[in-house]
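Here's a quick walk through a two-chain model, going from one chain to the contact and then to a single side chain. Have the viewer open while you read.

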Amino acid sequence: MGVVQAVVVLGLTGAVFGIVLAVAAKKFQVEQDPRQDEIVQLLPGANCGACGFPGCSGLAASIVAGDAPVNGCPVSGGKVASKIASVMGVEPAPQTERKVARVFCQGDSDKCGLRFVYDGLAQCRAQNSVAGGAKACTYGCLGMGSCTDACKFGAIQMGPNGLPIVDEAKCTSCGMCVDACPRGIIQLVPASQDVTVLCRSKIRGAEVRKTCKIGCIGCGICVKACPKGAITLEDNLAVINCAECDSCGICVEKCPTKCITMRDDTVPDKAVHVS
Amino acid sequence: MGKLLVIFFGGVLLNNFILSRFLGICPFIGISQRVETAAGMSIAVIFVMGLASVVTWFFHNMILVPLGLEYLQTIGFILIIAALVQLVEMVIQKSSPPLYQALGIYLPLITTNCAVLGVTLLNVSESYSLLEAAINGVAGASGFALAILLFAAIRERMELSEIPESLKGFPIALITAGLMSMAFLGFAGFRLEALFGVM
């Protein structure tokens, strides 16, 4: 008898709540554009915020409302943009070339010394604010790994000598690391750009030679050597115009400090996890 | 009045749900990386625990006790809390989108949280009146809020500290939680009944 009573009471309670919930679901239904859910499914879901909206669902809501373009997500490639365009029923935007983050410094712990020993917060911005950081070169990488913390895609890891290494296959060009670096060493470059001047130092050549073994000394040899005229000197620093460069590699050979490099696809394998 | 104060401060400090009773540990560890989200979770828990205490009190005293079915407490309370939270979520989503933005993501997380179930069962075992049960629910949740906010603040600070490699992340968080729990044991010596004149 007690068992029957228990079953009836629980069953009735469950049924009453079930009916109440069913009625409430109808009564309190919130109208939402079904396309929004579809777009959320298409987006990467990392909620990195590189689009400027609060997370992937925020971007999806803005795309549906017409406030954001269908290719508003800088992380996912053209394929996703065209899928979103078909969900929205509009023409896909023209594809732009994929970019990747690159670290414009090679002054690791062997090649560039320290001015003092820093023992504060383990963040680049914190170190940079203490007398301009411990690194001998005031333009060089501080090696505290703020960029690796900023990356939501695991594409940057600290290498063995205190320099971050970008895994270009994983990089989504969201730009979080670019913002995280207080020295502007990380920049987004076209993924097809093989030759880069991996230095940001605007100091005169003689000073660079004293502080870093692999910095750009602004000698101008590459400017003369480049058959395309794609390299210019700006503030003691060689700058390659990506649009004109055809990656012939002559400047890489001629550079006396080896700060111009040809992309080495084997580099990411050397990354070790230290954070 | 004295007894209500004893229940309230007892729930917040002496019998803190997380640090003394060890209920609701999963949100305590899981949603305590940022003070902001911890605060959102706390408000949701206070809301749900207060509401659940009241509704289950009626369910227990109006339905279970007259029928002599007290042994159905646990399963019945789970049913009621889960349905209630769902209902509240729907109502909030419709009636107040800003509140839903702030609370919405936390509500489903606490549908079957052990702290919520725990407070309702404690209300029964202490045979509290309706008002006492409501106060106990809010007090338990306030204790939860106090613990998770303190913990989140410590964890935010810890992110900037140099922590030995092997202790980074959850290990140091669990050690911190243990230390906080020991610190809260200090409150166990309080004689609240004497303090508020209820003997």
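In which helix of chain B does Met62(B) lie? It's helix 3, the stretch covering residues 35-67. Keep in mind throughout that this is a predicted model.

## A greasy spot on chain B

Met62(B) counts as exposed because its relative accessible area is 53%, and the cut-off for that label is over 50%. Met62(B) has company, too: together with Phe58(B), Ile63(B) and Leu67(B), this residue makes a nonpolar surface patch of about 340 Å².

## Chain B as a whole

If you're colouring by secondary structure, chain B is a simple case: 9 helices and 0 strands. Reading from the N terminus, the order is α-α-α-α-α-α-α-α-α.

Chain B has 199 residues, and 46% of them are buried. Take the contacts within chain B that link residues at least 6 apart in sequence: 77% of those join residues at least 24 apart. As for the outside, the accessible surface of chain B is about 9,500 Å², with carbon and sulfur atoms accounting for 70%.

## Where the chains meet

How much area is buried between chain A and chain B? The figure is about 1,800 Å², and carbon and sulfur atoms supply 78% of that. On the chain A side, Leu10(A), Phe17(A) and Phe28(A) lose the most area to chain B, adding up to 29% of what that side buries.

Each partner's share of the contact is easy to remember, with 22 residues coming from chain A and 22 residues from chain B. If you go looking for charged pairs across this interface, the rule finds 0 salt bridges. Polar contacts don't show up either: the count is 0 residue pairs, with both residues required to be at pLDDT 80 or more.

## A tucked-away glutamine in chain A

Now jump to Gln193(A), which sits in the loop connecting strand 4 (186-190) with strand 5 (195-197) of chain A. Is Gln193(A) buried or exposed? Buried: the relative accessible area of Gln193(A) is 4%, and anything under 20% gets that label.

So what does the side chain of Gln193(A) reach? The partner is the backbone oxygen of Val195(A), at 2.7 Å. Leaving aside residues up to four places away in sequence, Gln193(A) also touches Arg102(A), Ile240(A), Cys242(A) and Cys245(A).

Terms used
Residues are numbered from 1 along each chain as its sequence is written. Chains are lettered from A and ligands numbered from 1 in the order in which they are written. Side-chain values use heavy atoms; hydrogens and water are left out. Patches are made of residues with over 30% relative accessible area and no salt bridge: like charges are joined within 9 Å, nonpolar side chains (Val, Leu, Ile, Met, Phe, Trp, Tyr) within 5 Å. Accessible areas come from the Shrake-Rupley method with a 1.4 Å probe; for residues, only the protein chains shown count as cover. A salt bridge is a side-chain nitrogen of Lys or Arg within 4 Å of a carboxyl oxygen of Asp or Glu. Helices (H or I, at least four residues) and strands (E, at least two) are DSSP runs, numbered from the N terminus. Buried means under 20% relative accessible area, exposed over 50%, partly exposed in between (1.4 Å probe, protein chains only). A polar contact is a pair of N or O atoms within 3.5 Å; within protein, one must be able to donate a hydrogen and the other to accept it, and residues adjacent in sequence count only if both atoms are side-chain atoms. Contact means heavy atoms within 4.5 Å. Buried area is the accessible area (1.4 Å probe) that two parts lose on being put together, summed over both.
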